[in-house]
Structure formats: structure tokens, C-alpha cells
Amino acid sequence: IAAAQPSTDWHLKENAREHHTSKFSSEELIVRRGQAFTITFNGTERPEQNLIFIAETGPKPSKTTKTLATFDISSTVSKEGWSAVLQSSSSNSVSISISSPHNAVIGRYRLSVQSGSSSPHSLGTFVLLFNPWSSGDDVFMPNKAECEEYVLEEFGIIFAGNKNHISSFGWNFGQFQGDILNICLSIMDRSLYYRQDPITDVSHRHDPRYLGRVLSAMVNANDDQGVVLGNWSGKYEGGKNPTSWTGSGEILQSWKTSGFKPVKYGQCWVFAAVLTTVLRCLGIPTRTITNFSSAHDADGNLRVDEFYDADGNHLEKGADSVWNFHVWNESWFTRNDLGPSYSGWQVLDATPQEESGGIYQCGPASRHAIKEGEVDLDYDGPFVFAEVNADCMYWNYDSATGKKTLIFSKSTEIGASISTKAVGRDGRVDVTRDYKYEEGSAKERDIFKKARKKLGLEDKFDPTAPKQEEVEQKPDISGKFKVAGSLEVGKDLNLLLVLENLQSDAKTVNVNMTAWSTLYTRRRVNQIWKDSISVTLAPKEEKQFPIKIKYPEYQQQLTTDKTIQVTALCHVEDGIQVLVKRNITLDNPAIDIQVLGEAKVNREVFVEVAFTNPINEDVKDCVLQVEGSDLLQGILELRIPPLKASEKSSTKFKLIPSEAGPKHLLVNFSCDKFADIKTFKMVNVIN
């Protein structure tokens with residue numbers, strides 16, 4: 001008579017508590033590698049005698065690829081492989097503690113048991129993840145507070161704006177919500193690596209270095225029909241404006257429900273946030289990093305060239321660019337391939353900028369290697385080094401003759417105020433010193449020269465260019481733009497152009513000024529304003545020239561990035577040109593959230609969101625979007641009636657929190673005059 005099929009008790013609650021997986025809402029066992037979990041099953045004769053367990057993963061499990069393990073009951077946990085230790089047994093059930101090795105392949109496993117010569121019985125499936133709490137794991141993170149933040153925290157803060165004016169917004173990573181774990185597992189199974197050679201791909205899934213690189217490719221849609229399609233055109237028809245997302249969940253769910261079609265559209269912070277969700281979900285400690293004045297060095301010479309015409313217009317010439325900010329990731333794991341000093345934080349970047357190994361992927365690059373100029377170490381060191389360290393060359397370009405003249409160069413421009421969210425609180429932490437030595441110091445220049453040498457670049461800027469044009473002359477005047485008053489959408493923009501004569505004789509200067517609306521990548525979109533003045537500066541004199549750009553002048557031209565580039569190209573008579581420029585990011589007006597009463601698990605609580613129209617005209621098409629892990633399911637979208645000038649709107653809605661603890665509510669308000677006004681509020685939920 002065939003033995004009854006064993007039924008399995010996975011001890012979901014107890015195992016999840018031990019393995020830091022309680023936040024997943026799953027009926028399936030989810031555990032971390034290198035740590036024991038307990039199961040109980042029945043329906044076997046004399047259970048403890050010659051039971052053999054089989055754990056297998058991937059399409060063709062085998063012992064050689066470490067995707068198949070068979071193990072019997074032993075008295076102690078194996079140091080190397082899988083093991084099973086008997087906990088207790090009765091006449092018809094048996095409790096077993098199963099341990100996986102620290103370097104086990106992660107993913108979904110099938111577990112079965114075989115008694116004697118009978119055929120194996122399936123016990124069911126479980127999911128195995130990385131284990132940052134276990135000292136044998138490549139992702140081990142000794143600091144428990146950091147584990148909480150970089151693996152278990154579902155809320156993040158992403159920094160944006162520009163280096164003169166850093167702003168921030170909240171993001172709902174939501175790595176433990178709904179179906180996200182299954183979506184993350186299917187991302188791995190849709191990569192080019194898996195499609196080309198599934199057996200080898202699965203066998204490498206024990207290695208965070210490998211998975212980090214594969215997932216940096218899969219989060220962007222280039223090459224592989226990955227998750228998010230990038231768009232930096234300023235036109236977002238047929239999809240969502242990248243600034244409108246507030247969390248990763250909606251993006252990952254859309255990717256799955258559309259039959260794995262890339263989600264439209266993303267820009268750098270969207271790629272970085274989605275990669276954070278996926279890696280935290282799988283158990284690799286990960287955070288987002290914002291680099292201000294970030295270089296995109298397309299030709300690999302550690303230098304970024306910018307071109308301007310005689311009117312001071314920034315020209316779209318050459319592939320190099322400098323972005324107001326760029327967001328990438330750091331993940332924490334050991335680098336056994338490079339040596340212990342290169343372990344710790346590793347840079348990964350899912351934004352498709354340059355190909356690496358033939359596809360759009362970037363990293364992992366050891367942050368320590370970047371700081372030391374070790375750009376020859378795997379992976380993508382030169383690109384990441386340039387992002388934080390390239391030199392800037394500013395050229396005047398005459399399109400009629402094709403002649404370019406160096407205006408000036410700057411070695412301290414790129415890679416400022418590199419920022420990430422603090423552990424356990426909502427503040428900003430500056431990590432610039434972890435990427436490079438102090439800007440302008442001899443050590444920093446030495447490292448720069450070392451990096452150039454490793455890349456075979458001569459000390460001279462560009463060995464192919466005629467030398468005389470790269471000789472930098474000393475300017476006769478200096479200039480800068482100062483902000484006078486507030487930088488807010490809906491208000492006039494007031495600036496001062498400050499010019500100073502550095503010489504002891506009078507100077508006549510012709511100044512051509514322009515203001516353009518741009519994307520955060522500094523790509524020009526619309527011209528807002530232009531003007532020219534002629535001034536005479538007495539010896540050593542400083543003069544200020546007020547500039548006012550009225551709200552109606554820029555309102556129609558502004559992009560949703562709310563960025564404006566102002567330039568003044570100063571032609572000094574009998575002297576060299578001086579370029580003065582400033583990138584300005586405007587703030588949206590404020591929006592206010594109040595929680596009305598105490599937030600309790602499974603109880604209704606009302607929230608009120610208030611917004612006052614700050615401009616002298618009506619605003620319409622008002623939409624409020626709300627999300628927050630454990631506070632509400634999915635995304636709540638509310639339409640709000642039009643608002644007259646200076647009118648205040650107040651909108652109420654209810655939440656039913658599902659879990660206790662500090663949770664974050666994210667709100668995004670948009671209308672025809674203001675795009676994506678974001679704010680967040682911490683809600684402390686009690687039982």
C-alpha cells in the first residue's frame with residue numbers, strides 16, 4: 001500500500017521571526033541561508049530511520065552546480081553543505097532542523113524526503129535569501145542598526161536638486177509587500193545571462209557580486225526587456241513622467257501584469273530606487289547615493305568637455321555631460337576577487353548610460369578602489385571614478401569655422417555633497433570623503449594622476465588636440481550669479497550678476513546672457529530669456545547687475561524638473577572671455593499632512609492634506625496620490641476641485657494600518673501649474 005503523502009508544517013511564524021523575514025506576507029516559508037529552520041511532517045514509517053532529504057533549485061539541478069543537495073539526518077550541523085538534525089519524533093510525525101551553507105545559491109527550492117527505497121515525497125517549496133545577520137555570509141553586516149535600515153526598511157529618502165540647493169523626497173521601496181518577492185525572482189529568470197545559459201546563471205546566484213551586476217542590467221529596459229524604460233527627452237507621452245512615481249511597488253507590479261513589458265518612464269532615481277527594492281528584498285544590504293554635479297564621461301578620458309557659443313548658449317555638442325545630480329546604489333558585500341580592503345560598499349548603477357561588456361550594466365565597483373584611483377579593478381572603475389572626479393573643460397565653439405577655444409578648466413567642479421539617508425532617522429549623511437580625498441588637496445590630485453596613468457592617458461589634457469588651444473590664460477575679470485530672494489515656482493526669479501575687475505586698469509565688457517529651462521541632466525529644453533549689456537569696470541571695481549525673470553516668462557517653459565540654467569558669456573575687450581553660469585532648481589510650494597487622531601492596527605484613522613494655491617490664477621486638474629507600506633493597500637488617487645488664486649484646499653481620506661511601528665505616508669500632489677509636489681509623514685502605528 002502506498003504510504004500517505006506527508007503533510008508539512010513549515011512553522012512559518014517561528015522561522016520567519018528567527019530569520020528576519022516576518023515582514024513578508026507569504027504563505028510560503030522564506031528563510032536566510034547559513035541558518036537553521038525547523039519543519040515538521042507526518043506520514044512516514046519509523047521516520048528517523050534512513051530518511052534522505054533532497055533540496056533543489058533551478059531548471060536542471062545538479063550537485064556539481066550546487067543546485068542540488070541530498071543529505072540525511074546527522075547529529076550536528078554540517079560546516080560545508082546542507083544538513084538535517086532530528087528535533088523530535090513520534091509514531092507518525094517528525095520535526096527536523098534543516099541548515100543550508102553560508103554560500104548556498106539563493107532562490108526558490110523544492111524540498112522532498114525519501115525513506116529507504118521508496119520514491120521521494122515532495123514536502124513543498126521554500127525561498128532562500130542572503131543573510132546579512134550571519135557572519136559567514138558574503139553580505140554579512142556586523143552593525144545591526146545598519147541591517148535594519150539597509151535590508152528591512154521599506155521607506156527611503158532620495159536627495160536631488162543641485163549642490164547649491166539640496167532637496168529631498170520620500171520613496172516607498174515596499175520590498176516586503178504583496179507579490180514583490182516573486183517578481184524579484186522572475187527578474188532573475190528573465191535576464192540575458194539566464195536566457196543564454198540558465199544552468200550556469202543559477203549556479204552563480206550564491207554570489208552577490210554576480211547578482212548585483214545582473215540586476216543592474218535588468219532594472220533598465222535596454223538589451224533585455226528589463227523593468228524600466230528610461231526617457232530624458234522632457235516629453236513623456238504614452239507613459240508616466242519619471243517625477244510622478246512615489247514608490248517601486250507600482251512599477252514592479254506594472255512590469256509583471258503587462259506581461260513583462262518595460263514600464264514607461266524612468267530617470268536615474270527611479271532605476272536606483274527599484275534596484276534598492278530588489279536587492280533589499282533578496283537580502284543584500286543596499287542604499288541609494290546621490291552625487292551632485294555628476295559627470296557622464298562618454299569617451300573615457302576622465303574629462304568632461306562643455307561647449308558654448310558666442311551668445312553664451314550651452315551647445316549640445318560632444319557626448320560628455322554634467323548632471324545636476326545623479327542617483328546610483330551602494331550594496332554591501334565582500335570582494336573575494338579583489339581582496340579584503342576592497343570589501344564593504346560597492347557601487348552599482350542601473351541607469352543606462354554606457355555599455356559594459358556589451359550591455360547596459362554598471363558595477364559592482366569597490367568604493368575603496370574608486371577613492372584610491374584603482375580604476376583598473378573590476379567593474380567599471382573608470383566610469384564611476386569620472387562621475388565623482390572628472391575635470392571640466394569649458395570651450396567657446398564657433399560653428400562657422402569649427403574653431404574651439406578653451407575658456408577655462410576646473411578640477412573641483414565634479415562630485416559634490418555625495419549624499420545618502422542616515423541610518424534610523426530622516427537626515428542626510430555626506431559620504432563625499434568616502435569617494436575621494438579632499439578636493440584641491442595634493443593627495444586628490446595624485447590619485448587623479450594615478451587613475452589617468454592606469455588608463456594610459458598622458459598628463460597633458462588631450463594628446464590628440466593642438467596644444468596652443470589648451471593653454472589657459474588668466475582672466476581679467478571674475479563673475480558669479482547670486483540668488484536674491486526665494487527660489488519658488490510661482491514667484492519671480494531674482495538674481496544678481498556680480499562682475500569684478502581683477503586688473504588695475506579699466507575694462508569694457510560686453511555680456512551676453514541667456515536663461516534656459518533644462519532637465520536635471522542640464523539638457524536645454526526651452527529658452528526663457530536673453531539679454532545683453534555693455535559695462536565699464538573701473539580698476540579693481542566690483543559691480544552688481546540685477547536680473548529679474550518674471551513667473552509668466554518662465555511658467556510655460558519650465559520642465560517638471562523645475563531647473564533653469566543661467567549663463568553670462570563676458571567678452572572683455574583685448575582680453576579673454578569669461579563664462580559665468582549657474583544652475584538653479586526651484587522649489588515647489590509646500591503641502592501639509594495631518595494625522596487626525598491615533599493610528600492603531602486594523603482601525604480607521606483619518607488624514608488631512610492641505611494645499612494653498614500660491615499664484616494669482618486658478619489651478620485645475622488637481623490630483624492627490626497617496627501610498628505607504630502597511631498603511632494602505634496599493635495607491636490611493638483622489639481628484640480635487642480647481643482652486644482659485646490664494647484658495648486653500650483640504651482633503652480628507654482614511655487609512656487602515658495593518659502593522660505596528662513607525663510607518664511612512666507619501667503624498668504627491670499635481671495640477672496644471674505645479675507638477676509632483678511631494679511630501680511624507682511618519683505615522684507611528686500602535687497595537
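**A working chat about this predicted model**

Student: Lysine 66: buried or exposed?

Tutor: Lysine 66 is exposed, with a relative accessible area of 58%. Exposed means over 50%, buried under 20%, and partly exposed in between, for a 1.4 Å probe and protein chains only.

Student: What should I know about the model itself?

Tutor: Residues are numbered from 1 along each chain as its sequence is written, and side-chain values use heavy atoms, with hydrogens and water left out. The model is predicted: local features need pLDDT of at least 70, side-chain atom pairs count only at pLDDT 80 or more, and totals for chains, interfaces and linings use all residues.

Student: Back to lysine 66. Where is it?

Tutor: Lysine 66 sits in the loop between β4 (51-57) and β5 (68-74). Helices (H or I, at least four residues) and strands (E, at least two) are DSSP runs, numbered from the N terminus. The phi of lysine 66 is near 60 degrees, a positive value in a residue other than glycine.

Student: What sign does phi usually have?

Tutor: Most residues other than glycine have a negative phi, and most peptide bonds are trans. Asparagine 602 also has a positive phi, of about 60 degrees, although it is not a glycine. Asparagine 602 lies in the loop between β32 (599-600) and β33 (605-612) and counts as exposed, at 59% relative accessibility.

Student: And which peptide bond is cis at tyrosine 265?

Tutor: The bond from lysine 264 to tyrosine 265 is cis, with omega near 0 degrees. Tyrosine 265 belongs to strand β13 (residues 263-266). The bond from glycine 363 to proline 364 is cis as well, with omega near -5 degrees, and proline 364 is in the loop between β18 (344-348) and β19 (365-366).

Student: New topic. Which residues does UniProt list as "active site"?

Tutor: The unreviewed UniProt entry lists Cys268, His326 and Asp349. They are spread over 82 residues of sequence, yet they cluster in space, with a largest C-alpha distance of 9.9 Å. UniProt positions are given in the numbering used here, feature names are shortened, and annotations may be inferred rather than shown by experiment.

Student: Is cysteine 268 buried or exposed?

Tutor: Cysteine 268 counts as buried because its relative accessibility is 0%. Cysteine 268 is found in helix α8 (residues 268-282). Leaving aside neighbours within four places in sequence, its contacts (heavy atoms within 4.5 Å) include Trp232, His326 and Tyr520.

Student: What about histidine 326?

Tutor: Histidine 326 is in strand β17 (residues 321-333) and is buried at 1% relative accessibility. Its side chain makes a polar contact with the side chain of aspartate 349 (2.7 Å). A polar contact is a pair of N or O atoms within 3.5 Å; within protein, one must be able to donate a hydrogen and the other to accept it, and residues adjacent in sequence count only if both atoms are side-chain atoms.

Student: Where does UniProt put the "binding site" feature?

Tutor: The unreviewed entry places that feature at Asn389, Asp391, Glu439 and Glu444. These residues span 56 residues in sequence, yet no two of their C-alpha atoms are more than 12.0 Å apart, so they gather at one spot.

Student: How do asparagine 389 and glutamate 439 sit there, buried or exposed?

Tutor: Asparagine 389, in helix α10 (residues 381-389), counts as buried at 3% relative accessibility. Glutamate 439, in the loop between α11 (432-435) and α12 (442-454), is partly exposed at 23%. Glu444 is among the contacts of asparagine 389 and also among those of glutamate 439. The glutamate 439 side chain makes a polar contact with the side chain of lysine 436 (2.6 Å).

Student: Last topic: how many cavities are there?

Tutor: A search of the whole structure finds four cavities of 30 Å³ or more. On a 1 Å grid over the protein atoms alone, a cavity is a set of points where a 1.4 Å probe fits but cannot get out, and lining residues have an atom within 4 Å of a point. Grid points are joined across faces, edges and corners, and a volume is the space filled by probe spheres set on the points.

Student: What is the volume of the largest cavity, and what lines it?

Tutor: The largest cavity has a volume of about 70 Å³. Its lining includes Glu149, Phe173, Arg280 and Lys421. Elements α2 (144-152), β10 (155-162), β14 (286-296) and β22 (416-421) each supply at least two lining residues.

Notes
1 Å grid on protein atoms, 1.4 Å probe; cavity = no way out; pocket = protein on both sides within 12 Å on 5 of 7 lines; lining within 4 Å.
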